[in-house]
Amino acid sequence: MKILVPVKRVVDFNVKIRVKPDGSGIDLANVKMSMNPFDEIAVEEAVRIKEKGGASEVVVVSIGPAKSQETLRTALAIGADRAILVETADTPVEPLAVAKILKAIVEAEKPDLVILGKQAIDDDCNQTGQMLSGLLGWPQGTFASKLELTDGAAVVTREVDGGLETVRLKMPAVVSTDLRLNEPRYPSLPNIMKAKKKPLDTKKPEDFGVDIAPRLNVQKISEPASRKAGVRVGSVAELVQKLKTEAGVL
Ligand code: AMP
């Protein structure tokens, strides 16, 4: 049993991002980049399955600039066995193009399970897993907070608006991770050293016959309007009064 885990290099979640003055995008100069947090959870889950004897190989893949190698090395230090970098220019690749490349990699690697993040925290698209599952015609279990593998099936507990939903997917399948699935480990120093020697294969989108030219046209990126400070009311009567006279909502 083989598990494929796509991982994306994104702006670190601690960084307060800045919009470029011309509104054309986010300023990435000298900004700390890290593995997308949901993808760390995906790598951790795949490695835990392997450590319990449920998988023989964990392959990680990233589509992005050469620096995504660092992200892949982090995944290898957590415990993945092998990495594939699909190298692109330093411009964003849209989820549909990512899903098409992942489909080609799935066809070549033949994993039984793809575990990816529910969303990348840079563009918050929440699309790639669903698109990949659609392109492959595989079942999907999105927003997993628990994953159990039994008799060729993946049992996924999903976080949905009304609570928890459990679905049973016949493998091969696509699973996307939610925050509560696990708490990723910090890679140990010996494992960071070992990760440097693990195989990392570099490819180009053309190797998979995928055209990654953007299909979307970004008109403008701007900061959200800053919110006005709230007021503390002394009583329910005062609240109702303000809602009637000031907010005009009653
Ligand atoms: P998104 O649909 O962009 O919110 O991303 C959802 C998930 O798809 C991420 O958490 C990653 O697991 C995967 N993914 C998205 N973009 C890439 C990429 N460029 N390289 C590898 N994996 C990606």
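Which side chains does a polar contact of 2.9 Å join? Select glutamate 57 and arginine 82, and you have the pair. Keep in mind as you click around that this is a predicted model.

**Stop 1: around glutamate 57**

Stay on glutamate 57 for a moment. You'll find this residue in strand 4, which runs over 57-64. Now show what glutamate 57 is in contact with, leaving aside neighbours within four places in sequence: Met1, Lys2, Ile3, Asp81 and Arg82. Two names there, Asp81 and Arg82, will come back later on the tour.

**Stop 2: the whole protein**

Zoom out. The protein has 250 residues, and 41% of them count as buried. Colour by secondary structure and you can pick out six helices and eleven strands. Taken along the principal axes, the C-alpha atoms fill a box of roughly 65 × 45 × 40 Å.

Turn on the surface next. The accessible surface comes to about 14,400 Å², with 53% of that belonging to carbon and sulfur atoms. How do contacts relate to the sequence? Among those between residues at least 6 apart, 70% join residues at least 24 apart.

**Stop 3: the ligand**

Select the ligand and show what surrounds it. There are 18 residues around the ligand, and Asp39, Ile63, Ala120, Asn126 and Thr128 come nearest. Three of these are good to check with a distance tool. A backbone N or O atom of isoleucine 63 sits 2.7 Å from a nitrogen atom of the ligand. For alanine 120, a backbone N or O atom lies 2.8 Å from a ligand oxygen. At asparagine 126, a polar backbone atom is 2.8 Å from an oxygen atom of the ligand.

How much of the ligand's accessible area does the protein cover? On its own the ligand has 480 Å², and the protein covers 98% of that. Two elements give two or more residues each to the surrounding shell: strand 4 and strand 6 (113-117). Strand 4 provides the largest share, three residues. Try colouring the shell by class, and you should get eight nonpolar, seven polar and three charged residues.

**Stop 4: helix 2**

Move on to helix 2, residues 68-78. The buried residues to select here are Ser68, Thr71, Leu72, Ala75, Leu76, Ala77 and Ile78. Right after the helix comes glycine 79, with a positive phi near 145 degrees.

**Stop 5: serine 133**

Jump to helix 4, residues 128-136, and select serine 133. Is serine 133 buried or exposed? Its relative accessibility is 4%, so serine 133 counts as buried. Not counting residues up to four places away in sequence, serine 133 touches Trp138, Pro139, Gln140 and Val174.

**Stop 6: salt bridges**

Side chains of opposite charge can pair when their charged atoms come close. How many salt bridges does the structure hold? The count is 18, and three make good places to stop.

Begin with lysine 8 and aspartate 123, whose side chains meet at 3.4 Å, N to O. Lysine 8 is in the loop between strand 1 (2-6) and strand 2 (9-11), while aspartate 123 is in the loop between strand 6 and helix 4, so the pair ties together parts that are 115 residues apart in sequence. Lysine 8 is partly exposed at 26% relative accessibility, and aspartate 123 is partly exposed too, at 36%.

Next, select lysine 50 and aspartate 81, where the closest N and O atoms are 2.6 Å apart. Lysine 50 belongs to helix 1 (residues 37-51) and aspartate 81 to the loop between helix 2 and strand 5 (82-87), so this bridge links parts that are 31 residues apart in sequence. Lysine 50 counts as partly exposed at 26%, and aspartate 81 as partly exposed at 21%.

For another pair, go to arginine 180 and glutamate 159, which meet at 2.8 Å, N to O. The arginine lies in the loop between strand 10 (173-177) and helix 5 (189-195), and the glutamate in strand 8 (residues 153-160), so the two tie together parts that are 21 residues apart in sequence. Which of the two is buried and which is exposed? Arginine 180 is exposed, at 57% relative accessibility, whereas glutamate 159 is buried, at 18%.

To finish, select Lys2, Glu57, Arg82 and Glu109 together: salt bridges that share partners join them into one network. That brings you back to glutamate 57 and arginine 82, the pair with the 2.9 Å polar contact.

Conventions:
Residues are numbered from 1 along each chain as its sequence is written. This is a predicted model: local features need pLDDT of at least 70, side-chain atom pairs count only at pLDDT 80 or more; totals for chains, interfaces and linings use all residues. Side-chain values use heavy atoms; hydrogens and water are left out. A residue is near a molecule or strand if one of its heavy atoms lies within 4 Å of it. A polar contact is a pair of N or O atoms within 3.5 Å; within protein, one must be able to donate a hydrogen and the other to accept it, and residues adjacent in sequence count only if both atoms are side-chain atoms. Accessible areas come from the Shrake-Rupley method with a 1.4 Å probe; for residues, only the protein chains shown count as cover. Helices (H or I, at least four residues) and strands (E, at least two) are DSSP runs, numbered from the N terminus. Ala, Val, Leu, Ile, Met, Phe, Trp, Tyr, Cys and Pro count as nonpolar, Asp, Glu, Lys and Arg as charged, and the others, Gly among them, as polar. Buried means under 20% relative accessible area, exposed over 50%, partly exposed in between (1.4 Å probe, protein chains only). Contact means heavy atoms within 4.5 Å. A salt bridge is a side-chain nitrogen of Lys or Arg within 4 Å of a carboxyl oxygen of Asp or Glu.
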